[in-house]
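Please examine the sequence and the structure shown below. The paragraphs that follow lead through the fold step by step.

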Amino acid sequence: MEEPGEPSKGRIPFEPALEGLRGFALIGMLCFHSQFSWASGGFLPIATFFTLSGYLITSLFLVEHERNGRIRLGAFWARRFRRLMPASLLTLVGMTLFGVSIATPGQLERLQDDVLWALFYCANWHFLFSDASYSLLFSAPSPVQHFWSLAIEEQFYLAFPLVAVAGLRSGTHSRIVFGGVLATLTLGSVGISVWLTVNGASADRIYYGSDTRAAELLMGALLAVWFCGRRIRPAVQRVVEISGGVAMLVMVGLWATVDLQSQWLYLGGFAAYTLISVAVIAAAVQPAGPVRAFLSGRAIRWIGRVSYGAYLFHWPVYLWLSPERTNLEDGTLFGLRALVTFTLAGISYSFLESPIRTRRALTGWRPFVATPVAFAAVLLGASLAVGELNRGEQDAEMRADLEALEAYMEQVRARKPDPSEPPPGRDPDSARIAFYGDSTAIPMAVGLGYWLHKHENMRLREGSAELGCGIAREGRYRFAGAEYGRAPHCKDRDKSWLESVANDRPDIAVVFAAPWDVCDRKLPGDTVWRRPGDPLLDAYLRKEMLSAVDLLLADGSLVIWLTHPSIEVRKDGKAPKTPFPESDPARMARLNELIFELEDQRPGRLRVIDLARHMRTLPGGDLDPNYRPDGTHLIFEGALRLARDWLGEEVLRTYREAQRSKSR
């Protein structure tokens, strides 16, 4: 967005309330990233930023065109580059420091690709195609994940000026023609969003897509076409002021109540929210009124002035100053993060961004030297971070951990339950964790259990994982081309799980099972073979899952159910030319949908961790042979790597979050 007072031949008047609106929106987004329960819709201020950018850039073009008869595209792009690139490059160079100091192995593994796509402003498409869901922002975060929105704006800054030049070349009625072009493009963007959603596209496709989010920028441009440089009657002005005040209240209400799973957002809801942003922007540029008065305060304007740097710096700062690292929570932690973020943003604005933007620095030939040097520094730093800095130490640690696994499991098997142990949730020193499911749960218990014991002193209990026993127990099923009845040892699940809960008294009960539950199944009394997705079988699976959950909840444990990655069923060690039906990824996807439904059935007592999604981000996908060489079971090293790179911290975060919720 154009900075106030930026010199240009097509200069637009400085509006202090628009500067304040940037600050106000930033505060809402910071609250969302702080995971305050009352700021679940704090991702919506990004849409307000988009709309404000569209309004300001279009206003600039209109003024320049009407004064000079043309738009100097080269000068515009040069100004954008000088305004946006310095702080962006500084942030990306800082990723080297982040990578070698506090990045998790999983973040480190992805860092080079993430930084590369962020550098060239394509991060939104990168995160979409690498399956980095924005809804998982707090569980699998990239330190540059926030660059997705900057990428959309920069793509707009690249393409939109060409649209403006074409639309404003029509002569006397150029504004009308330009407005018609913008309205058509806006409707097209909204239409794409609705069409994709109706036809089963993911929420991430709508959220990250430049085409689907373009409407929010274009509606700001439409407001400028209608509003910029025109006088409005006092009566209309008063209506705009009042409606803007109401819109601001609605805006704040949505920030507090909407969440990323709200389906209406992806069916044109972002565009509907943008109408609210349009009303607020229109009120902010009026000579008076409550919106202008509120947004023109000195403090909120200063936040808006440094908002670009604050947006860039805040996310790495948030990942650095985590609750675990600082031992702080809620308001105190927010205050510390905000202090560090705005201190860095103020320094950057005063000594880097403003001098370069106003041409007090990097003039003449210097930008042509500094720019490639800075790009090279970013690429080299990211490469070093993921290259050799930590690799040797991590590999040595992994070898030592693998050697220690066998001795650790012997200790677990030899350990006898202690009747004097406190019930779940009351052990002040360490938590107890047990695993339940089929054979896939066994290596997971070994790798994840060992990691949690080593790093958090958690005590692994024996649990109950039976070979060949899925969650579903009734009827006959087909697996790898053969038909089976219920194995005799599987019918005693209720007894074995209850005995485990009574003896092991786990604070955390982890469930991991699936291969047997995606098979074709013929239920007792039924004559039809059914698959996941069939309403009758889905209802049966729900009942069995809830029954299993209730067994584990009997002693007050927190149940964590892991979604399961796709499987590749093999025969004699080889995958057949025609895959077995249970290898169909759609079956596992449906089973995972049923797993997610459990959270609503047992709110607060059961949490789902989306392991399947994380495993799709592995170099070899969810069937990466380095993790699951047989296409179904994790090897111990694979389970340990998952725990080290992501899953261990995710289990800890989920458990601590549940404990905090329980204590409130």
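The bend at a residue is the angle between two axes, one fitted to the seven residues ending there and the other to the seven starting there. Helices (H or I, at least four residues) and strands (E, at least two) are DSSP runs, numbered from the N terminus. The model is a predicted one, in which local features need pLDDT of at least 70, side-chain atom pairs count only at pLDDT 80 or more, and totals for chains, interfaces and linings use all residues. Residues are numbered from 1 along each chain as its sequence is written, and side-chain values use heavy atoms, with hydrogens and water left out.

With these terms in hand, helix 9 (residues 210-227) can be described. A kink of about 30° is centred on Glu216 in this helix. The expected span of a helix is 1.5 Å times one less than its number of residues. For the 18 residues of helix 9 this gives 26 Å, and the end C-alpha atoms are 25 Å apart, which agrees. Of the 18 residues of helix 9, 15 are buried, where buried means under 20% relative accessible area, exposed over 50%, and partly exposed in between (1.4 Å probe, protein chains only). Gly229, just after helix 9, has a positive phi of about 75°.

Helix 1 (residues 16-33) also has 18 residues; the distance from its first C-alpha to its last is 26 Å, close to the 26 Å expected at 1.5 Å a residue. Because 17 of its 18 residues are buried, helix 1 is largely enclosed by the rest of the structure. Just after helix 1, Gln35 takes a positive phi of about 65°.

The wider setting comes next. The chain contains 24 helices and nine strands, and 56% of its 664 residues count as buried. Among contacts (heavy atoms within 4.5 Å) with a separation of 6 or more, 79% join residues 24 or more positions apart.

In soluble globular proteins, nonpolar side chains tend to be buried together. A nonpolar core is here a set of buried Ala, Val, Leu, Ile, Met, Phe, Trp, Tyr and Cys residues joined through side-chain atoms within 4.5 Å. The largest such core has 114 residues, and those touching the most other members are Leu26, Phe43, Leu44, Tyr55, Trp148, Phe160 and Leu295. Helix 2 (residues 45-68) supplies the largest share of this core, 12 residues. A second, separate core of 39 residues includes Ile471, Val511, Leu523 and Leu551.

Which helices pack against helix 6? Helix 7, helix 14 and helix 3 are among them. Axes are lines fitted to C-alpha atoms, for helices over the stretch in contact, and angles run from 0 to 180 degrees between N-to-C directions. Angles under 35 degrees count as roughly parallel, over 145 as roughly antiparallel, 65 to 115 as roughly perpendicular and the rest as oblique.

The axes of helix 6 (residues 147-167) and helix 7 (residues 174-198) come within 8 Å and cross at roughly 140°, and the two helices are therefore oblique to each other. Residues making this contact include Phe160 and Val163 of helix 6, and Val177 and Phe178 of helix 7. With helix 14 (residues 307-320), helix 6 packs at an angle of about 135°, the axes being 10 Å apart. That pair is oblique as well. Its contact is made by Phe147, Trp148, Ser149 and Leu150 of helix 6 and by Tyr308, Tyr311 and Leu312 of helix 14. Helix 3 (residues 73-101) packs against helix 6 at an angle of about 175°, with the axes 11 Å apart, which makes the two roughly antiparallel. Among the residues in this contact are Phe76 and Trp77 of helix 3 and Glu154 and Tyr157 of helix 6.

Some details of the backbone remain. Most residues other than glycine have a negative phi, and most peptide bonds are trans. Asn327, although not a glycine, has a positive phi of about 60°. Asn327 lies in the loop between helix 15 (323-326) and helix 16 (330-357) and, at 70% relative accessibility, counts as exposed. Asn457 likewise has a positive phi, near 60°. It is found in the loop between helix 19 (441-456) and strand 2 (459-460), and its relative accessible area of 42% makes Asn457 partly exposed.
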